[in-house]
Amino acid sequence: MRTHHCGELGLSKLGETVSLCGWIHSRRDHGGVYFFDLRDRSGRVQVVVNPDNKPAFLEAEKLGAEDVVQVLGLVQKRPEGTQNPKLPTGDIEIAASEIHVLNRSKVLPFEIDDDLEIAEETRLKYRFLDLRRPRMLKNMTLRHKIAITVRKELDRMGFLEIETPILTKATPEGARDFLVPSRLTPGSFYALPQSPQVFKQVLMASGIERYFQLARAFRDEDLRSDRQPEHTQIDLEMSFVKERDVHSVVEIFLKAVFKEVLGVNIHTPFPEIEHADLMRRYGSDKPDLRYGFEIQDATELFKTSGFKVFAGAASSGGVVRGISAAADFPRAQIDKLTDLAKSLGAKGLAWIKWEDSGPNSPIAKFLSPSEIESLKNIFHIKPGDTTFFAADKEDAAIKVLGGLRKELISILKPVPSKPWSFHWVIHFPLLEWEPEEKRWTFAHNPFTSPLEEELPMLETSPGQMKSHQYDLVFNGVELASGSIRNHRAEIQRRIFSLMGYSTQEQEEQFGMLLRALEFGAPPHGGVALGLDRLSAILCGEDSIREVIAFPKTQKGTCPLSGSPSPVEAKKLKEAHIRLDLPTLQKTAV
């Protein structure tokens, strides 16, 4: 129906007769001559309709916003002084000879304009209109470029794209499953996968060696700006690898993505930082390293101090640590930071303002001159700085200072040292204690391998073991997570036993994986990277909803389709489901 796309026309096409199709973006009447912008996915071009062409003129007279039309006409140069430098097609216009209306549009609930503030509920109800906006089209296009670049790079590196099941078995991976009833097996349910974890490990046992897919994953959890009940992850697994091998593959395709999508080079390899070191220095396992605010340790200084609050923590196995900011905070702001520290578990918040005349602080009178000088050296103090302290058990101090660091960055809004910051967090704890259930549970997932040299600690001190778990952090956002897996069934069984799974429960929950590991599974590891998160960051969006074509609201609903929705009683009966909620029963009928 068309010979060209709207956005590709320019002076090189002068004198050509073209056929274009698209939507009416806007229409104007200038002294008896109609002008309208015709828009398709490639861009916009101006169309002019003169009254001497009566059929076309009459059609143009009736055109409304977002009507769909076909235009036949001649490419001509715009009159001098009427060019539009904001449009790639701004030097030319189409003199219409024919206009064919392909479909009419109703009155719009909002204009197709990036500059308008539109309620999210309205945007998602009319998502087919929202996606016509240039910003959203740009986001969808950029997401596509990311996906296609990743596919090309992984194919080049010998990965096979293999789809894993959507209807599968529930596994304990940290979030609630979406369940699907089985009509043919009454009382039984499929689970939508939280990840393809077990299947991709089975693929390694199958000799595939290098697998990937852009996998759909589902989690029934509370929603935030970076959470959706369904999301897409760049999922891969590799055989005969160590951590660095997996990291290198991710770095290769991310380097290609940044070059293809943004036209910039990122430096690789990314730094690898021990989890324990990162927590000590920044109080977070995903800090944005484009900013300073590094936590310093003053524990040794205060072990014999006369200041009992600090001395008590330092001499009883706790720590005294602090964080400095180049800012003179008003007392009201310090009070707010104190409230934040209390919400994070602190009893209070000690602080010192470093003024030209000396330290200004309620705790200054308890500190000796030598302690004051030592603090200046430890925290690299300059006049005008403020230092905040936490004196507590190490885990508690880390939590408080990590929260303060994040808040200080938010308040002070320092200029980042660079636009992009990547780092790998390596060697997370293998297990963590679940006090309510009185058992060990996995820190990330139950399939992660412990460090080989620490295997003897599995039954003696499991809480101190480190693992081959790693995360990739991008500008303070956890972008990817993965690990080297347990490829030996006996090690995997020992870890399951520590987590309280009986032999029977292990077979019921993980029998497929354990059988695969028992038949010569190779050493293997992998990673899953959030395509939605990566796309949102590269698009400059705060929410992943802006890079997903049909997202859910923060309440988990889809205004466009009306889901979730009640189901007819007949369908419930076929699936062997009976509701015990009277209001839902009535609605379903």
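Student: Why is Asp277 called partly exposed?

Tutor: In this predicted model, the relative accessible area of Asp277 is 26%. Buried requires under 20% and exposed requires over 50%, so Asp277, at 26%, is partly exposed.

Student: What makes Arg280 partly exposed?

Tutor: Its relative accessible area is 32%. The partly exposed class lies between the limits of 20% and 50%, and Arg280 therefore belongs to that class.

Student: How do you know that Arg280 forms a salt bridge with Asp277?

Tutor: The closest N and O atoms of Arg280 and Asp277 are 3.0 Å apart. The rule asks for a side-chain nitrogen of Lys or Arg within 4 Å of a carboxyl oxygen of Asp or Glu, so the pair qualifies. Both residues lie in helix 7 (residues 275–282), three residues apart, which is about one turn of the helix. Elsewhere, Arg123, Arg127, Asp130, Arg133, Arg135, Glu541 and Glu546 are joined into one network by salt bridges that share partners. The count of salt bridges comes to 42.

Student: What separates Arg156 and Glu153 in helix 4?

Tutor: They are three residues apart in helix 4, so about one helical turn lies between them. Their side chains meet in a salt bridge, with a distance of 2.8 Å from N to O.

Student: Is Arg156 buried or exposed, and which class does Glu153 fall into?

Tutor: Arg156 has a relative accessible area of 54%, and because the exposed class begins over 50%, Arg156 is exposed. Glu153 has 16% relative accessibility; this is under 20%, so Glu153 counts as buried.

Student: What makes the contact of Glu272 with Arg244 a salt bridge?

Tutor: The closest N and O atoms of Glu272 and Arg244 are 2.8 Å apart, and because the limit is 4 Å, the pair counts as a salt bridge. Glu272 lies in strand 11 (residues 272–274) and Arg244 in helix 6, so the pair ties together parts that are 28 residues apart in sequence. Glu272 is partly exposed at 35%, and Arg244 is partly exposed at 30%.

Student: Why is Arg78 said to have no salt bridge?

Tutor: The nearest side chain of opposite charge, Glu93, is 4.8 Å away from Arg78. A salt bridge must fall within 4 Å, so Arg78 has none, although it is buried. Arg78 is found in the loop between strand 4 (68–77) and strand 5 (92–103).

Student: Which backbone oxygen atoms lie 3.1 Å from a polar atom of the side chain of Arg78?

Tutor: One is the backbone oxygen of Thr82, and another is the backbone oxygen of Ile92. With residues up to four places away in sequence set aside, Arg78 touches several residues, among them Gln46, Leu87, Asp91 and Glu93.

Student: Why is Asn475 counted as buried?

Tutor: Asn475 has 14% relative accessibility; buried means under 20%, so Asn475 is placed in that class. Asn475 sits in the loop between strand 20 (469–474) and strand 21 (477–484).

Student: What does the side chain of Asn475 reach at 3.2 Å?

Tutor: It reaches the backbone oxygen of Pro419. The side chain of Asn475 also makes a polar contact with the side chain of Arg290, at 3.5 Å. Beyond four places in sequence, the residues in contact with Asn475 are Asp288, Arg290, Pro419, Trp420 and Ser421.

Student: What makes helix 15 largely enclosed by the rest of the structure?

Tutor: Eight of its nine residues are buried, so helix 15 is largely enclosed. The buried residues include Leu531, Arg533, Leu538 and Cys539. They pack against helix 4 (134–156), strand 10 (230–239), helix 6 (243–262), strand 20, strand 21 and strand 22 (524–530). Gly540 follows helix 15, with a positive phi near 75°.

Student: Which residues form a nonpolar patch on the surface?

Tutor: Phe128, Phe550 and Leu560 form the patch, with about 290 Å² of accessible area together. Phe550 lies in the loop between helix 15 (531–539) and helix 16 (569–574).

Student: How many helices and strands are there in the protein chain?

Tutor: The chain has 17 helices and 22 strands. Of its 589 residues, 47% are buried.

Definitions and conventions: Residues numbered from 1 in each chain as written. Predicted model: local features only at pLDDT ≥ 70, side-chain atom pairs only at ≥ 80, totals over all residues. Heavy atoms only, no water. Patch = residues over 30% accessible without salt bridge, like charges linked within 9 Å, V, L, I, M, F, W, Y side chains within 5 Å. Areas by Shrake-Rupley, 256 points an atom, 1.4 Å probe, with all protein chains shown as cover. Helix = DSSP H or I, 4+ residues; strand = E, 2+ residues; numbered from the N terminus. Buried < 20%, exposed > 50% of the residue type's maximum accessible area, 1.4 Å probe, protein only. Lys, Arg positive; Asp, Glu negative; His and termini not counted. Polar contact = N/O pair within 3.5 Å; in protein donor to acceptor, adjacent residues only side chain to side chain. Contact = heavy atoms within 4.5 Å.
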